[in-house]
Amino acid sequence: MMTPQSKQTPQSKQTSQNRQTPQNRQPILQVKGIRKTYHLGRVKVPVLHGVDMTVRHKEWITILGASGSGKSTLMHIIGGLDRPDKYPEDPASIVYGDRVITDMGAAALNAYRSTEVGFVFQFYHLLPELDILQNICIGSMIRYGRFGYRSKRKGVEARAKELLDRFGLSDRIKHRPAELSGGERQRVAIARALINEPAILLADEPTGNLDLKTGESILDVLAELRESGGLTMVMVTHDERIAARADRVIRLIDGRVVEQTGVGSV
Amino acid sequence: MPILAMLAVMLSVATILITWSVMGGFLKTLVNSGRSLIGDVTVSWPNVGFAYYDELIVMLEDDEMIDGATPIIETFGLIQLPDDRIELVTIKGIDPVSYDRVTNYTDTIWWKPIDEPTAKDRDGSDVRLDPQFTGAMAMFESNAVTLTRLNPESGQTERAGVLGVEVTGLNIRTEDGIYDPRANGFRALPDGRIERVPGFMPAGGSVGLTVLSLDSTGKPVDPVTRTIPIANEFQSGIYEIDKSTIFVPLEIMQEMLRLNEARKVQLVENPFATEVDPVTGLRRPKMSEVVGIDPARVTTVLVRSVDGAELQEVRDRVYQIYQDFEAKHHGEVPSSFSMENQIRTWEDLNATMINAVKKETGLVLFIFGIVSFTSVFLVLAIFWSMISEKTKDIGILRALGASTTGVAWLWIRYGTAIGLIGATMGTAAGYAVVININAIHDWIGRTFNLVIWDPRTYYFIEIPSEVDPDKAIIVFIVGVLTCVLGSLIPAFRSARMDPVKALRFE
Ligand SMILES: Nc1ncnc2c1ncn2[C@@H]1O[C@H](COP(=O)(O)OP(=O)(O)O)[C@@H](O)[C@H]1O
Ligand SMILES: [Mg+2]
């Protein structure tokens, strides 16, 4: 049910032939020369100064950087929620499979966010008025539209329940987010991110708001997802210990990427 | 917050519906009562009146467009009430049988036996219901229909009048919408004592009526006073009329105004002129000579058309018939030319009042419309702040792939839903208030000692309490639109929001 391979994503072509180390796999996301400067009135706040990175299929990458180093900014740009600055003489690009995200129009970007990537945030960002099940299914409602969703509803809800079951939340279906603990909320947020079976999970400090133990359990969930489903994950953190669980760690310093080799996984 | 927006829509919908229904109902009642009191078309030649009206009526009633016609004399006079108060009244000399064919005269008669309490009389305290008085009420009713009353002292049947129910001030209108007659009125005597006078007019009461009689040229000359026994009282529902109108038999008015049939005489100019008495053959002072008969006259003929006839067509038909009539009595009745403007529909006659009320309705609606338009801004402000509150959620939805239009639609749909609920509640509330408006008004009157609907200013004793479905639908739709309109700008704002900023929003 959860396998991203079942989808027509770029990775489905070679998952079978490539069962070696993640570093040898095909790239799924290629980021080149991303720059971003915020403007506070007249004051320019340069954040990213040309970020280059490559994410491979089924790879778990962690972006490690100090607070305020632009990690969230980078995630938003990768996730198609924000756009990089444009410098015609030095064009930036994000290529996802064979598609150029940075050249996409608004509608294509909406579809990309809806079906190809799943977001997980530090502060969970669940919708307080909806119960857990609705919070998870909302991604599908957005994807199929109100009317399209009607015919899909049964399947989507079954999948949502399956995810909740897996995350040990099946008895919380009718609860509101406010009635859940931080760890539980984050698991709901992960379920929501997975409802449309995305190829990539973008997690922005998913444990940043949790205590160490709960944070570990969230990381266990993520690790398990990657093991069983072959999900590609890009995670952001400022915590070295958390970064250590990933296949590969990228350091973001002064708006540039300093790549490191894998920290002894696989 | 959304409940506030709903309340704003509900209140504006309810106020507009109430105002429109009451004012519209007011206009409708005005128009209807105008028609039921004076028929469809009037032919009138004020003061002096016109002759041969019987012939005109026969000619009119021969036409298939015309249901009936009746002669009346309309004039003003002074009425002397049992407590010696003197008031100015409109006097209508009528022929009750034909008058009833043209107007709803018998429906307006108040003192008559009734089987069921009137709409507002919940405890059935109406004296007309009392079996003890059924006989008396039946007698009063037949007296009103014939305009007569038996004089118990002389044992003779006298011609009598019917008073507006509010004229004497001795019938107390209760909250139940009925009249509670006082047994006695009081009259001050010169020596300082107080004398009781009969309070219930149909049982032995009478009034003095003074008018100015007319000379042969129609000029008012001498005051003439008569005592008129009162047979009954009537209620038209229009306060002005009920407060200052009396019906009396047509012949009485003709006599008092000298509009009745009279011999025309040649007056002798020379006081010394003589003539030969044909009987004795002797000379004697010349006597004035009867040269003809002056026929009886009335000031007005009221015409009722058959149902469904076009008012203006009826008026034109009446004018045509008058022209034929004038051809027969050339020189004896007002010319067709002068009558052109004197043959009018009830709408023309009441035009000033109807137009005034129409304008007033328009003005009040306009003001309330503007007041309600502010609810658009209210909804706008409420939605604006709701959207500010939900900034983060909007960011979340965008992160999950929602499009800008999708987000905007969400709010517009929300606005529509709130508008639908608010407008439904407002329409229901407005409807409930309108149909119970008299009870509510009475309750306010009792509790706060306030009279908002004073019959003296608003003509009608009852506040109109009907809701026109068309108006309800229009007001409902406007209410929904108000909310949709109010949510539109905030919806676009939510769509234009930068999703990243929205997500970072705390
Ligand atoms: N909309 C904005 N306007 C101006 N500065 C911003 C804006 N958003 C982020 N920044 C700044 O950009 C820098 C990077 O922010 P962010 O990407 O959130 O960093 P991180 O996620 O690594 O903590 C910070 O210094 C932050 O203050
Ligand atoms: Mg951050």
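The legends below describe close-up views of a predicted model with chains A and B.

**View 1. The interface between chain A and chain B.** In this predicted model, 20 residues of chain A are in contact with 16 residues of chain B, and the two chains bury about 1700 Å² between them, with 62% of that area on carbon and sulfur atoms. Of the area that chain A buries against chain B, 31% is supplied by A:Leu81, A:His125 and A:Ile142, which is more than any other three residues supply.

**View 2. The salt bridge and polar contacts across the interface.** The rule finds 1 salt bridge between the two chains, in which the side chain of B:Lys390 meets that of A:Glu129 at 2.5 Å, N to O. Across this interface there are also 3 residue pairs in polar contact. On the side of chain A that touches chain B, the elements that give two or more residues are α1 (71–78), α2 (106–115) and α3 (132–166) of chain A, and by class this side has 9 nonpolar, 6 polar and 5 charged residues.

**View 3. The largest nonpolar core and the surroundings of A:Leu29.** This core has 75 residues, and those with the most contacts inside it are A:Leu29, A:Met53, A:Ile63 and A:Ile200. Helix α1 (residues 2–38) of chain B gives the largest share of the core, 9 residues. Leaving aside residues up to four places away in sequence, A:Leu29 touches several residues, including A:Met53, A:Val55, A:Ile94, A:Tyr112 and A:Ile200.

**View 4. Another nonpolar core.** Apart from the largest core lies another, of 46 residues, which includes B:Phe50, B:Met59, B:Leu250 and B:Val298. In soluble globular proteins, nonpolar side chains tend to be buried together.

Conventions
Residues are numbered from 1 along each chain as its sequence is written. Chains are lettered from A and ligands numbered from 1 in the order in which they are written. This is a predicted model: local features need pLDDT of at least 70, side-chain atom pairs count only at pLDDT 80 or more; totals for chains, interfaces and linings use all residues. Side-chain values use heavy atoms; hydrogens and water are left out. Contact means heavy atoms within 4.5 Å. Buried area is the accessible area (1.4 Å probe) that two parts lose on being put together, summed over both. A salt bridge is a side-chain nitrogen of Lys or Arg within 4 Å of a carboxyl oxygen of Asp or Glu. A polar contact is a pair of N or O atoms within 3.5 Å; within protein, one must be able to donate a hydrogen and the other to accept it, and residues adjacent in sequence count only if both atoms are side-chain atoms. Helices (H or I, at least four residues) and strands (E, at least two) are DSSP runs, numbered from the N terminus. Ala, Val, Leu, Ile, Met, Phe, Trp, Tyr, Cys and Pro count as nonpolar, Asp, Glu, Lys and Arg as charged, and the others, Gly among them, as polar. A nonpolar core is a set of buried Ala, Val, Leu, Ile, Met, Phe, Trp, Tyr and Cys residues joined through side-chain atoms within 4.5 Å. Buried means under 20% relative accessible area, exposed over 50%, partly exposed in between (1.4 Å probe, protein chains only).
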